[in-house]
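Me: I would like to learn how to read the packing of helices and the pairing of strands in a model like this one. Could you take me through it step by step?

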Amino acid sequence: GFCDFLTEEKLLQAVETGQVAIREICKAIDVLVQTCGKKKMVEAINLPPAELYRHVEDISGDELVKALQIKEKIPRRKALSALEEKVIMILSEQGYVSKDELSGPIENLADIVEEEDEDEVIEDGEVDEGDVHIKPVSRKPHRQLFSEVDVKLVFKEVSSKYLRRRIVEGEKRSDGRSACELRPINSQCGILPRAHGSALFTRGETQALAVVTLGDYQMAQRIDTLVDTEESKSFYLQYTFPPSSVGEVGRTGAPNRREIGHGMLAERALEPVLPAEVDFPYTIRVESTITESNGSSSMASVCGGCLALQDAGVPIKFPVAGIAMGLVLDTQEFGGDGTPLILSDITGSEDASGDMDLKVAGNEHGISAFQMDIKVVGITLPVMEQALLQARDGRKHILNEMLKCSPPPCKALSPHAPVIHVMKVKPNKVNLIIGSGGRTIKSILEETGVYAIDARDDGTVKITARDMESLEKSKNIITNLTMVPKVGEIFRNCEIKTIAPYGAFVEIAPGREGLCHISELSSSWLAKAEDAYKVGDRIDVKLIEINDKGQLRLSCKALLPDANQEPGSIKQQTSSSVKEKVVYKDDIIKMTTRRSRRKKEVEPSAAENATPKTLENSTADSP
């Protein structure tokens, strides 16, 4: 499960509330079983013979105790594997002779001498029955053979039994730690200079390499749903567990269920501390690759992912850490007083041989994610409470060790990360940014070199650029496109972009054009606009009208000092005139906040901008 940093007391209340409801479900299931259930076929289960457990302990007992005292994982695993092969060879191939039979007298064949009467002669095939000699047989010890499957199963159970006994009786675990002690912790940031953020987190023999990549909305993870609506995530964590992390060679393919589950657990642990997308408009991807594993690699992904996020410059609210807790429930069996023994920061062998694996992530004040599996029938709320409180102490220790990270997190955006700016324009101006068939937005991308421009129907415009120079250039173009000019404004030194039979299209701002009708080009009558102007000429124009569609009607005639002046004399040169344009700040407003979860909204539909073709039939009175 996951939560927004609930305290241990609140989480226990939630579990208790759920337990009350589940108890009623269990009662209903029991009634159903009594009504129409069938007897379980327990006798069909082939269990290993009871004496096999005793034989395995007799063969491997002393060596097993020594093997479990080896602190390092790989040497300990090699010792146990060699011991297991020895036990299998004796019990499955050679045969096992019990110590009781070995202690009795055993006759040797060489000591038994067969005495025969060499003088006896047999005639006519008749033999005196009294003279028949029975050949004595030596009394060999009886060797017992067992199936290899049974031997492996029993050896695993015996190994777990000896490990639990060592923890309870000796009060020491395989690596020499006490029940509450954590393994040594070491962390480094910035080990991959080309990545946007990276961290290497090591706890004992478990190590995770976390890498953060920042991107725009196009890099969000799309989610397949049962409905037609599109859904995506702007934050996701991917967990990879290669076979090399446990010293093996294996096939690497699509992520399995374990990797998906561990990644989701770490993702839920980190998501509550991320900033809102309005404050940090990036898609965030965290990749955690396990380079070495000996227990609780998912919690190492939480710690490493938190450091990598800080190294990438993501302004998280506060650091989080994770820890895995174990349990020996019945300590009385191994000489204890019967009180359940909680283990902090368990290793792989303690997970396999213990009774519980409880992963808890959060900070020193609360829990953000948790996962528990048990190998016993059940545990009580007091046991869970003790485990949660002990886990809180462990998280405090880990967070303090993470502060010692060397080198520390950069806490600033990498120069290799994209630059993203979000601006807000009036919704009815979005079509001006997109243009007909996306022509305007494509021209902005080509001209400025930015990565992407996302213009939505609500007026939100997100620009993703490689550097600040290209970002500022695209911002200026969009600002000019979406500005609100006022009737009566004068724009000087404006370029004629297109000439049509009915007039000329003049660019008053980058990407913003208006129509100067042929009747407004000159005070005298013109048969064709080409008679006075050509594409590329620069003129001064005055805005005389804005129609309902937002299209601009310009006039050059209104600025002529003399109605009889020749039209060619009012052409303007680039070096001699300065354009006057006003950008109204009321068009650029502050952004609105978004929902707290980092989910991407549905992509907007593109509105089309006005083009010369749409104005082809305009009259002189209505451009």
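Reply: Let us begin with a cut-off for angles between axes: those over 145 degrees count as roughly antiparallel, and those under 35 degrees as roughly parallel. Please keep in mind throughout that this is a predicted model.

Me: What is the angle at which helix α2 and helix α3 pack, and how far apart are their axes?

Reply: In general, two packed helices are described by the angle between their axes and by the distance between those axes. Here helix α2 (residues 50–67) packs against helix α3 (residues 73–94) at about 155°, and the axes are 10 Å apart. With the cut-off just given, α2 and α3 are therefore roughly antiparallel to each other. The crossing in which α2 passes α3 is right-handed.

Me: Which residues of α2 and α3 make the contact?

Reply: From α2 the contact takes Leu52, His55, Val56, Ile59, Ser60, Glu63, Leu64 and Ala67, and α3 contributes Arg76, Ala79, Leu80, Leu83, Lys86, Val87, Ile90 and Leu91. Sorted by class, this contact of α2 with α3 has 11 nonpolar, two polar and three charged residues.

Me: How do the axes of α6 and helix α7 cross?

Reply: The axes of α6 and helix α7 (residues 297–311) come within 9 Å and cross at roughly 45°, an angle that makes α6 oblique to α7. Here too the handedness can be stated, since α6 passes α7 in a right-handed crossing. On the α6 side the residues are Arg258, His262, Leu265, Ala266, Ala269 and Leu270, and they meet Ser297, Ser298, Met299, Ser301, Val302, Gly305, Cys306 and Leu309 of α7. Their classes come to eight nonpolar, five polar and one charged.

Me: Which strands does the chain connect through helix α6, and is that crossover left-handed or right-handed?

Reply: It helps to take the strands before the helix: β7 (residues 235–240) and β8 (residues 283–292) run parallel and are joined by six bridges. One pair to look for is Thr240, whose bridge partner in β8 is Thr289. Between these strands the chain passes through helix α6 (residues 257–270), and the resulting β-α-β crossover is left-handed.

Me: In what order do the strands of the open sheet with β13, β14 and β15 lie?

Reply: As a general idea, the side chains of a regular strand alternate between the two faces of the sheet. In this case the order is β13-β15-β14, with antiparallel pairing. The edge strands, each pairing on one side only, are β13 (419–424) and β14 (452–455), while the twist from one strand to the next averages 15°. Four bridges hold the antiparallel pairing of β14 with strand β15 (residues 460–465), and Asp454 has Lys462 of β15 as its bridge partner.

Me: Which helix lies across β13, β14 and β15?

Reply: That is helix α12 (residues 468–482), which runs at about 150° to β15. Helix α12 also has a helical neighbour to read: the axes of helix α11 (residues 439–448) and α12 come within 9 Å and cross at roughly 150°, so α11 and α12 are roughly antiparallel to each other. Their crossing is right-handed. In the contact, Thr440, Ile444, Glu447 and Thr448 of α11 meet Ser470, Lys473, Ser474, Ile477, Ile478 and Leu481 of α12, and by class there are four nonpolar, four polar and two charged residues.

Methods: Residues are numbered from 1 along each chain as its sequence is written. This is a predicted model: local features need pLDDT of at least 70, side-chain atom pairs count only at pLDDT 80 or more; totals for chains, interfaces and linings use all residues. Side-chain values use heavy atoms; hydrogens and water are left out. Two strands pair if DSSP finds at least two bridges between them. Helices (H or I, at least four residues) and strands (E, at least two) are DSSP runs, numbered from the N terminus. A crossover is right-handed if, with the strands pointing away from the viewer, the path from the first strand over the helix to the second runs clockwise. Axes are lines fitted to C-alpha atoms, for helices over the stretch in contact, and angles run from 0 to 180 degrees between N-to-C directions. Angles under 35 degrees count as roughly parallel, over 145 as roughly antiparallel, 65 to 115 as roughly perpendicular and the rest as oblique. A crossing is left-handed if the near helix is turned anticlockwise from the far one by less than a right angle, and right-handed if clockwise. Contact means heavy atoms within 4.5 Å. Ala, Val, Leu, Ile, Met, Phe, Trp, Tyr, Cys and Pro count as nonpolar, Asp, Glu, Lys and Arg as charged, and the others, Gly among them, as polar.
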